[in-house]
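This report examines one buried position, its strand and a nearby pair of elements in the model shown below.

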Amino acid sequence: MRSMQKNAINGLDEILFVEIPEGSVILVTGAEGTLKSGLAFSMMANHVAANDEHALYVTLEQNSESHLRNMNSLGIKKGSNLHIFDYRDMRYEWMNSELDLIKMTEEVIDSYKDKYEDLTLFALDSLNALYSISEHDNMRNIIYDFFSHLRDKGLISFLIMESDRSSISGQFSQFHQTEHYLADGTIELGMIEGKGGVKRYIQILKMRATKHAMEKHQLTIDENGISIRGPIY
C-alpha cells in the first residue's frame, strides 16, 4: 500500500505525524493568495522525485505554461514524473452545455493511470472552476461518484477549493459542505494579521486515519520553496 511521506515538504512532519494513506481525498482550501496551488504542487513534486512515482496535476484555471511560471517564481521545480494537463485545447467546447467536464476529468485520470501504472498522486485546480463549467442537476451525487472514482484508482488526491472567506483569518467558512463531509482530509490555508505583520498559516482540520497537529503553523516561502514553521500561537 502506497502512501505520501510526511516530509514531502520541509516541516510537514511538524503537523503530520504519520504518512497519508493511499486513496485519501484531501481538500486544500483557503482564500486567494494563500498558496493553495503551490502547496499541493510542491508536495507532489517532491514526493514523486523521491519515490520514482508519477503524479497528475489537472488545471482548469491556467494553462500549463502559466502555471509553471508561477511555480518557478515560488522556487518549486517540476520533475519529469509530475505531469500537467490543462483544458486549453478543449475550451472551444465549453460552450456546449452537454459537455460533462467531470466525466472528462475521470477519463483523463484513467488515461494517465493506464500509461503510468505507478501514478499515485492527483490534483485538481480547482473544484470552483469545475463547478462553474459543469452543469448537473444533482451535484451531490456527482461529487460522491467522483470522489469514489479517485479512491478506486488508489490515488492520493488534492482538490483545491477557494473559500469565500476574507483574506485575513476569521472563523472557518462553511463552504460547500458536501465536499467537507465526503473528503478524507481538509487542509486550510490562510492569513493572520498580528503584531509582526501578516503571516500565512497552514492548519489540518481533518485527516482520517492519520495523526496530526491541530494548531495553525506558519507557512513561509523562500528561494528553496515552501516550508512549514512552528505554531503561530
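His54 is buried, its relative accessible area being 12%; buried denotes under 20% relative accessible area, exposed over 50%, and partly exposed the range in between, for a 1.4 Å probe and protein chains only. The model is a predicted one, in which local features require pLDDT of at least 70 and side-chain atom pairs pLDDT 80 or more, while totals for chains, interfaces and linings use all residues. Residues are numbered from 1 along each chain as its sequence is written, and side-chain values rest on heavy atoms, with hydrogens and water left out.

The residue His54 belongs to strand E4; helices (H or I, at least four residues) and strands (E, at least two) are DSSP runs numbered from the N terminus. When neighbours within four places in sequence are set aside, the contacts of His54 are Val48, Asn81, His83, Tyr116, Asp118, Leu119, Thr120 and Leu121, a contact being heavy atoms within 4.5 Å.

Strand E4 (residues 54-59) is mostly covered, with six of its six residues buried. On one side lie His54, Leu56 and Val58, and on the other Ala55, Tyr57 and Thr59; both faces are covered. E4 has the pairings tabulated here, where two strands pair if DSSP finds at least two bridges between them.

| Partner of E4 | Sense | Bridges | Opposed residues |
|---|---|---|---|
| E6 (residues 119-125) | parallel | six | Val58 and Leu124 |
| E5 (residues 82-86) | parallel | five | Ala55 and Leu82 |

From E4 the chain crosses through H2 to E5, forming a right-handed β-α-β crossover; right-handed signifies that, with the strands pointing away from the viewer, the path from the first strand over the helix to the second runs clockwise.

Helix H2 (residues 64-73) also packs against helix H1 (residues 36-51), at an angle of about 85 degrees and with the axes 10 Å apart. Axes are lines fitted to C-alpha atoms, for helices over the stretch in contact, and angles run from 0 to 180 degrees between N-to-C directions. H1 and H2 are therefore roughly perpendicular to each other, a term covering 65 to 115 degrees. Ser37, Gly38 and Phe41 of H1 meet His67, Leu68 and Met71 of H2. The residues of this contact comprise three nonpolar, three polar and no charged; Ala, Val, Leu, Ile, Met, Phe, Trp, Tyr, Cys and Pro count as nonpolar, Asp, Glu, Lys and Arg as charged, and the others, Gly among them, as polar.

Across the chain there are six helices and eleven strands, and buried residues make up 53% of the 233 residues.

Terms used. Angles under 35 degrees count as roughly parallel, over 145 as roughly antiparallel, 65 to 115 as roughly perpendicular and the rest as oblique.
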